[in-house]
Amino acid sequence: MGRLIFSAIASLDGYTVDASGSFDWAEPEPELHAFVNDLERGIGTYLYGRRMYETMRFWQDPPLTEDDGVYAEYAAIWQDADKVVYSSSLAEATTPRTRVLQRFDADEVRHLVEDSERDVSIGGPTLATEAFAAGLVDEVWLFLSPVSVGGGTPALPVGLRLDLELLDERRFARGAVGLHYAVR
């Protein structure tokens, strides 16, 4: 049985994108990216909303070479996993190993995670809110960038209490911090 894991890169004040929708401040430096690569190796399926999928599909055919190190490594990890995209507006997937579903169904996701031999990742705070509300998320990884953006899309659900237990923490050379929590 797998676990459902939510992970996000966020500003120190808790946003995944700023008020203008930009996340140019969130690009992980190589040490952090290598750490994330190690975490992502255990993922068998990614769950995305349309916007997160459109951002992540870059990794299907990035303009990288093997000399690009951790970035090329992440592309291979991402390509090796299945993807499920929840969208009422996306007609079809543009990447292999990807299926599009019209809506998020908590029972289907629960069964997917229970039947999975590998972990399942849910990406994007909007979609993750539905999984948190249904009590499906087992663990959270937040990577806080040393920047405050003053507003935008919150990483964690607004109006929903989450009780978390700190499992681990990690500091990175350029000031980012990784926080790993279990959802109680």
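This passage walks through a pocket, some aromatic rings and two buried residues of a predicted model. In this predicted model, local features need pLDDT of at least 70 and side-chain atom pairs count only at pLDDT 80 or more, while totals for chains, interfaces and linings use all residues. Residues are numbered from 1 along each chain as its sequence is written, and side-chain values use heavy atoms, with hydrogens and water left out.

Aromatic rings make a friendly starting point. Rings of Phe, Tyr and Trp (its six-membered ring) pair if their centres lie within 6.5 Å; planes under 30 degrees apart count as stacked, over 60 as edge-to-face and the rest as tilted. A search of the whole structure finds nine such aromatic pairs. One of them joins Tyr46 and Tyr48, which are stacked, with 5.7 Å centre to centre and 5 degrees between the planes. Both Tyr46 and Tyr48 are buried, where buried means under 20% relative accessible area, exposed over 50% and partly exposed in between (1.4 Å probe, protein chains only). Phe58 and Trp59 instead form an edge-to-face pair, 5.0 Å centre to centre with 85 degrees between the planes. Phe58 counts as partly exposed because its relative accessibility is 41%, whereas Trp59 is buried, with a relative accessible area of 12%. Ring pairs also link Phe35, Trp141, Phe143 and Phe172 into a cluster.

Trp59 appears again around His33, as one of the residues in contact with His33 (heavy atoms within 4.5 Å). Leaving aside neighbours within four places in sequence, the other contacts of His33 are Pro28, Val70, Tyr71 and Tyr74. His33 lies in helix 1 (residues 30-40); helices (H or I, at least four residues) and strands (E, at least two) are DSSP runs, numbered from the N terminus. With 7% relative accessibility, His33 counts as buried. His33 and Tyr74 are 41 residues apart in sequence, yet 8.1 Å apart in space, C-alpha to C-alpha.

Val140 offers a view of strand 7 (residues 139-145). Val140 counts as buried because its relative accessibility is 1%. Beyond neighbours within four places in sequence, Val140 is in contact with Phe6, Phe132, Leu164, Leu179, His180, Tyr181 and Val183.

Finally, the second largest pocket is lined by 14 residues, of which Trp25, Glu27, Pro28, Glu29 and Ser145 lie nearest its centre. On a 1 Å grid over the protein atoms alone, a pocket is an open set of points where a 1.4 Å probe fits, with protein on both sides within 12 Å along at least five of seven lines; lining residues have an atom within 4 Å of a point.
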